[in-house]
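User: Please take a close look at the largest nonpolar core of this protein, and set it in the context of the fold as a whole.

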Amino acid sequence: KGVKRKPAVDMDYKMFDLQLPQHAHFREKVEPMFQDIFKGENQKLSMFFGKYSEGSYVTSHTDGAVVTLDGHDRYDRKRAFLLYLNEEWDQADGGLFTDEEDNGQPKFLPGWNTVLTFRVPRYHLVTPVTAHKVRWSIYGWTLEEHVEWDEKLMRDVTKFSQEQPAMAGVIGFLLLLLVCWGIYKIATSQPNPPPKKD
């Protein structure tokens, strides 16, 4: 009791959700730049504007999450993308994106017009900004509708049976034989005799 739990991700920066109505005019201008490159079939984009001041940082995390968009539905993040908007930035200024899953843990400068993208989930962090500067970025994720594993399995099976009907028929027949064999083994197995009484 009274123990404060540390959040899974510790962060200190400002983020502006471009899905909000008050930012719609800005989103309309920047979204086309990302849509053609990153948005796949049946995907949506979730976009934010990030402002890191001196001392701002984000600790290790993966970006993996199921999120709500437009106040409803659940979506899985699939790919992250960042566009950096900082002129005259060097390593001594901090605010470096660090890829923790690469053996060398490379650090990337948030330089002007630099685009960074990676599949989610992937462990990464942002080092503290050490300079008296502001680090700007437009960032976000491609989203796909969240599907529970059993529903996804049924979709995959249905898709496979439509694309490969002959193979699906053979697999279905083999599964039926396996089930029948299992039932036969259960029906013909001899129960263990009761222990003899002395």
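Analyst: A nonpolar core is here a set of buried Ala, Val, Leu, Ile, Met, Phe, Trp, Tyr and Cys residues joined through side-chain atoms within 4.5 Å, where buried stands for under 20% relative accessible area. The model is predicted, and in it the largest such core has 14 residues, of which Leu82, Phe118, Trp141 and Leu143 touch the most other members. Four strands, namely β5 (66–69), β6 (72–84), β9 (114–119) and β11 (135–145), each contribute at least two residues to this core, and the largest share, four residues, is that of β6.

Leucine 82 deserves a separate word: once its neighbours within four places in sequence are set aside, its contacts are with Thr114, Val115, Leu116, Phe118, Ile138 and Tyr139. Apart from the largest core lies another one, of 10 residues, which includes Val30, Leu45, Phe81 and Ile138. In soluble globular proteins, nonpolar side chains tend to be buried together.

As for the fold around these cores, the protein has three helices and 11 strands, and their order along the sequence is β-β-α-β-β-β-β-β-β-β-β-β-α-α. Among contacts in the protein with a separation of 6 or more, 78% join residues 24 or more positions apart. Buried residues account for 30% of the 198 residues in the protein, while the exposed surface of the protein comes to about 14100 Å², with 57% of it supplied by carbon and sulfur atoms.

Technical notes: Residues numbered from 1 in each chain as written. Predicted model: local features only at pLDDT ≥ 70, side-chain atom pairs only at ≥ 80, totals over all residues. Heavy atoms only, no water. Buried < 20%, exposed > 50% of the residue type's maximum accessible area, 1.4 Å probe, protein only. Contact = heavy atoms within 4.5 Å. Areas by Shrake-Rupley, 256 points an atom, 1.4 Å probe, with all protein chains shown as cover.
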